[in-house]
Amino acid sequence: MRKRIMIIGAQGSGKSSIANWLNGTKRPLKKKQDAIYGECTIDVPAQYLENVSMYRYILTLAQTACCVLFLEDAQAQETFYPPNFAASFNCPVIGLVTGASKSEDSSTAAAFLQTAGVKEMIVLECFSSRASVKLRERLLGFLT
């Protein structure tokens, strides 16, 4: 079975944009109630994270993941990740703070991810920076 990068996050955290960026596409961003399988990603609907009874579906989908991205918007005032949720996965979990600017404090979002058990966190300011290119290469490296 082909492994993919699983993307999890609340509504508005940038899941579809990250999926398009990793897949190298510019598909229309549509809200779906089912997981969207891309060339190299699994875009998990926000409703799965926002509803505790749906966690089992997230964990089932993760069986086909080589890496999991926990997305948290830099402006988030609350989180939907339960404490130590990252420990539920059998593959690397990376926290990605999205929607941040250099002048913006992303410490609240980082704290939410840390509480969720994420050991590695990255702040993504834009898709065109040198750092984002290296991050994309690194994430796609999990697929090999």
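These legends walk through a few views of one predicted protein model.

Local features here need pLDDT of at least 70 and side-chain atom pairs count only at pLDDT 80 or more, while totals for chains, interfaces and linings use all residues. Residues are numbered from 1 along each chain as its sequence is written, and side-chain values use heavy atoms, with hydrogens and water left out.

**View 1. The whole fold has 5 helices and 6 strands.** Helices (H or I, at least four residues) and strands (E, at least two) are DSSP runs, numbered from the N terminus. Follow the sequence and you meet β-α-β-β-α-α-β-β-α-β-α. The C-alpha atoms fit a box of roughly 40 × 30 × 30 Å along the principal axes.

**View 2. Inside the protein, 47% of the 144 residues are buried.** Buried means under 20% relative accessible area, with a 1.4 Å probe and protein chains only. Among contacts (heavy atoms within 4.5 Å) with a separation of 6 or more, 71% join residues 24 or more positions apart.

**View 3. Helix 4 spans residues 107-115.** Its buried residues are A109, F112 and L113. Looking down the helix axis, you find these within an arc of 95°, so they line one face of the helix; the arc is that of the directions from the axis to the C-beta atoms.

**View 4. Three strands meet the buried residues of helix 4.** These partners are strand 4 (65-73), strand 5 (93-98) and strand 6 (120-123).

**View 5. G117 sits just after helix 4.** Here G117 takes a positive phi of about 95°.

Methods: Buried means under 20% relative accessible area, exposed over 50%, partly exposed in between (1.4 Å probe, protein chains only).
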